[in-house]
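Reader: I would like a close look at the empty space in this model, both the enclosed parts and the open ones. Please begin with what counts as enclosed, and go on to the surroundings of the ligand if they help to complete the picture.

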Amino acid sequence: MIALDHVTKRYGNTAALDDVSLTLGDVGVTALLGPNGAGKSTLFSVVGRLVQADAGTVTIDGRDVAETPSSDLARTLAVLRQDNHIAARLTVHDLVEFGRFPHSKGRLTVEDRDHIERALDYLDLEPLRDRFLDELSGGQRQRAFVAMILAQDTRYVLLDEPLNNLDLRHMTEIMRLIRQLADEWGKTVIVVLHDINFAARYADRIVALRDGRVVADADVSGFMRPDVLADIYDSPVEVHQIDGKPVALYYE
Amino acid sequence: MTDTALTRTDAPTRTRPRRAWVGALIGVALVVLAVASLFIGVSDVTPASLIAGDADAAFLLVASRVPRTVAVILAGASLAIAGLIMQMMVRNKFVEPSTTGVTEFATLGMLVTIVLWPGMAVVGKMGVATAFGLVGTWVFLRVIRAVPVRQLVLVPLVGVMLGGIVGAVTTFFAYRLDLLQSLGQWSQGSFATVMQGRYEFVWFAAAMVVVAWIAADRFSVIGLGEEFATNLGLNYRRVMAIGTCVIAVITASVLVTAGMIPFLGLVVPNIVSLMVGDNVRRSIPWVAGLGAVFVLACDIIARTVRFPYEIPLSVIVGVIGAGLFLWLLLRKGSRAH
Ligand SMILES: Nc1ncnc2c1ncn2[C@@H]1O[C@H](COP(=O)(O)OP(=O)(O)O)[C@@H](O)[C@H]1O
Ligand SMILES: [Mg+2]
């Protein structure tokens with residue numbers, strides 16, 4: 001479990017996280033929603049020990065993030081950030097190999113190689129393994145990053161807007177993969193999404209943030225209600241049942 | 001010579017055999033140039049005279065030619081690696097110790113020792129120069145934090161300005177204290193005065209190469225940026241500190257041995273990056289090898305162009321290095337534009 005206990009993080013006068021208490025990781029896939037600037041990325045930064053909270057504590061499986069050795073956490077928790085810019089000329093295989101660093105410290109065992117191959121295979125990167133990252137399309141690069149996180153083989157996987165830069169087909173593919181990670185690999189995934197309907201289709205639980213606070217936290221049926229959605233986004237949202245599944249219409 | 005191998009990045013599977021080729025070429029060049037370096041000079045030392053048991057020739061070889069060749073190889077390899085490590089740390093391909101103020105700080109350190117402790121042993125001078133180099137690296141890393149990583153050209157520009165300021169301060173005091181001549185010696189790299197008992201400090205640089213080699217994977221991960229490094233459980237600050245030491249010691253030990261050798265740390269890692277990429281574990285032998293070959297070749301040119309006189313090595317390195325660097329910048333597909 002990832003537990004945030006009264007966590008506050010301020011940047012100047014704005015509270016990116018405002019006294020947030022939240023437990024994540026009880027279900028396979030949790031979607032994190034909310035408008036831009038809601039504090040989603042900041043939440044990931046605090047959980048991923050990239051920034052220190054001004055107040056409150058974060059624990060992962062009962063261990064305080066601030067006091068646990070970073071190298072231990074790296075075997076429990078993997079975070080893929082929102083904007084990833086890598087200047088170094090690395091191949092897809094290099095990148096995925098670095099995902100094993102928490103386990104291998106650079107000396108790859110047979111097991112490490114196994115994880116690398118599986119991750120490459122799983123994301124269809126086999127044909128691209130020797131390509132440099134700067135020779136890939138945005139979607140291919142995103143898949144390489146996800147493969148790296150997969151190779152890290154952690155119980156908790158945090159993905160910040162992994163659908164950025166992806167076309168519809170790849171969006172669906174990544175979401176399906178996230179579902180599989182939870183169902184077949186037994187991982188606990190927390191993923192920041194912008195599309196309510198993707199969240200409703202693939203997540204087990206949806207948490208919405210706004211102005212640094214949790215404003216909704218429910219399973220899909222509890223979340224996909226016009227009153228809840230209108231509250232979060234400040235604009236009317238209709239919810240229809242299509243093939244027995246709730247679909248939000250917010251294009252009006 | 002290997003132009004096609006350098007620019008072909010679109011067919012990585014096909015560059016593999018070429019890579020092996022270029023690697024072998026670097027190895028052969030290293031051996032050939034090293035042997036040549038042993039036998040080039042004003043006094044005659046030839047394989048024949050050695051075999052004939054010429055004592056003078058043997059003495060010259062041991063006291064001067066071998067130290068010089070070893071110093072050139074170690075300085076070339078280590079400076080290139082200092083550039084590589086710095087580029088990973090800053091995540092920018094256009095930095096190296098001499099374009100970021102590090103070398104200028106170390107030079108200032110040398111001046112300070114001459115003024116304050118004129119009788120100091122060379123090892124002490126090197127220690128002070130290293131300390132100044134550490135400060136210089138730290139200052140640069142500090143200043144650069146204010147510049148977004150994606151501002152590729154701004155980062156080295158800030159470094160050059162930093163170096164300019166420190167260099168101006170150094171020159172001012174050297175001028176006031178009548179030490180411009182010493183300053184000129186350091187700022188013009190040359191291995192002409194290298195001999196037994198006067199070059200051993202480059203072994204400190206060699207030790208740093210070993211450190212960089214051992215920590216190669218950590219420097220690769222650092223090159224992914226602080227966020228990736230933290231996610232992978234790396235102690236970002238510690239690795240940055242190790243890198244800072246590596247850079248400072250290499251810069252200072254080459255400076256006391258031979259003086260300033262510009263561009264090397266810039267050109268060599270960039271060429272290697274084009275060939276094999278930036279995975280440090282993979283690229284480090286290439287960078288070391290090519291760095292050594294490059295300086296060996298330049299040193300031999302410096303010794304032979306106006307034979308029997310020598311011209312400063314830094315002039316040759318500067319001309320060739322600047323040319324190569326311009327080519328790297330203007331090359332199609334360069335990310336500088
Ligand atoms: N490094 C930072 N410096 C200053 N303000 C920041 C920084 N990171 C985030 N913020 C601010 O914190 C708030 C939350 O940002 P963020 O967590 O990135 O939101 P989200 O990911 O939900 O779009 C925003 O108001 C943003 O401007
Ligand atoms: Mg965000």
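Author: A cavity is a set of points, on a 1 Å grid over the protein atoms alone, where a 1.4 Å probe fits but cannot get out, and its lining residues have an atom within 4 Å of a point. The model is predicted, so local features need pLDDT of at least 70 and side-chain atom pairs pLDDT 80 or more, whereas totals for chains, interfaces and linings use all residues. Residues are numbered from 1 along each chain as its sequence is written, chains are lettered from A and ligands numbered from 1 in the order written, and side-chain values use heavy atoms without hydrogens or water.

The structure holds seven cavities of 30 Å³ or more, where a volume is the space filled by probe spheres set on grid points joined across faces, edges and corners. The largest cavity encloses about 80 Å³. Its wall is built by B:Leu79, B:Glu96, B:Pro97, B:Ser98, B:Thr103, B:Thr251, B:Val254, B:Leu255, B:Gly259, B:Met260 and B:Ile261. Helix H12 of chain B makes the largest contribution to this wall, with three residues, helices (H or I, at least four residues) and strands (E, at least two) being DSSP runs numbered from the N terminus. Sorted by class, the wall has six nonpolar, four polar and one charged residues, with Asp, Glu, Lys and Arg taken as charged, Ala, Val, Leu, Ile, Met, Phe, Trp, Tyr, Cys and Pro as nonpolar, and the others, Gly among them, as polar.

The second largest cavity, at about 70 Å³, takes its lining from chains A and B: A:Ala87 and A:Ala88 face it together with B:Gln87, B:Met88, B:Arg91, B:Asn92, B:Lys93, B:Gly223 and B:Asp278. Here the classes are evenly represented, with three nonpolar, three polar and three charged residues.

Turning from enclosed to open space, a pocket is an open set of such points with protein on both sides within 12 Å along at least five of seven lines. The largest pocket has a volume of about 990 Å³, and among the 29 residues that line it, B:Met89, B:Arg145, B:Glu226, B:Tyr236 and B:Met240 come closest to its centre. Two or more lining residues come from each of four helices of chain B, namely H4 (55-90), H6 (122-144), H11 (226-231) and H12 (236-258). H12 of chain B provides the largest share, five residues, and this helix is also the main contributor to the wall of the largest cavity. The lining of this pocket comprises 15 nonpolar, five polar and nine charged residues.

The second largest pocket measures about 590 Å³ and has 24 lining residues, with A:Arg49, A:Leu50, A:Gln52, A:Val65 and A:Ala66 nearest its centre. Although those five belong to chain A, the elements giving two or more residues to the lining are strand S4 (55-60) and helix H2 (70-73) of chain A along with H11 and H12 of chain B. H11 and H12 of chain B therefore take part in the linings of both pockets, taking elements as DSSP runs. Ten nonpolar, nine polar and five charged residues make up this second lining.

Ligand 1 has its own shell of residues, each with a heavy atom within 4 Å of it: A:Tyr11, A:Ala16, A:Pro35, A:Asn36, A:Gly37, A:Ala38, A:Gly39, A:Lys40, A:Ser41 and A:Thr42. Helix H1 (residues 40-47) of chain A gives the most to this shell, with three residues, and the shell as a whole has four nonpolar, five polar and one charged residues. Two of the distances to the ligand involve the backbone: a polar backbone atom of A:Gly37 is 2.7 Å from an oxygen atom of ligand 1, and one of A:Gly39 is 3.0 Å from an oxygen atom of ligand 1. A:Thr42 instead brings a polar side-chain atom to 2.5 Å from an oxygen atom of the ligand.

Two backbone details can be added. A:Asp19, in strand S2 (residues 14-24) of chain A, has a positive phi of about 55° although it is not a glycine. In chain B, the peptide bond from B:Phe307 to B:Pro308 is cis, with omega near 5°, and B:Pro308 belongs to the loop between helix H14 (280-304) and helix H15 (313-330).

Terms used
A polar contact is a pair of N or O atoms within 3.5 Å; within protein, one must be able to donate a hydrogen and the other to accept it, and residues adjacent in sequence count only if both atoms are side-chain atoms.
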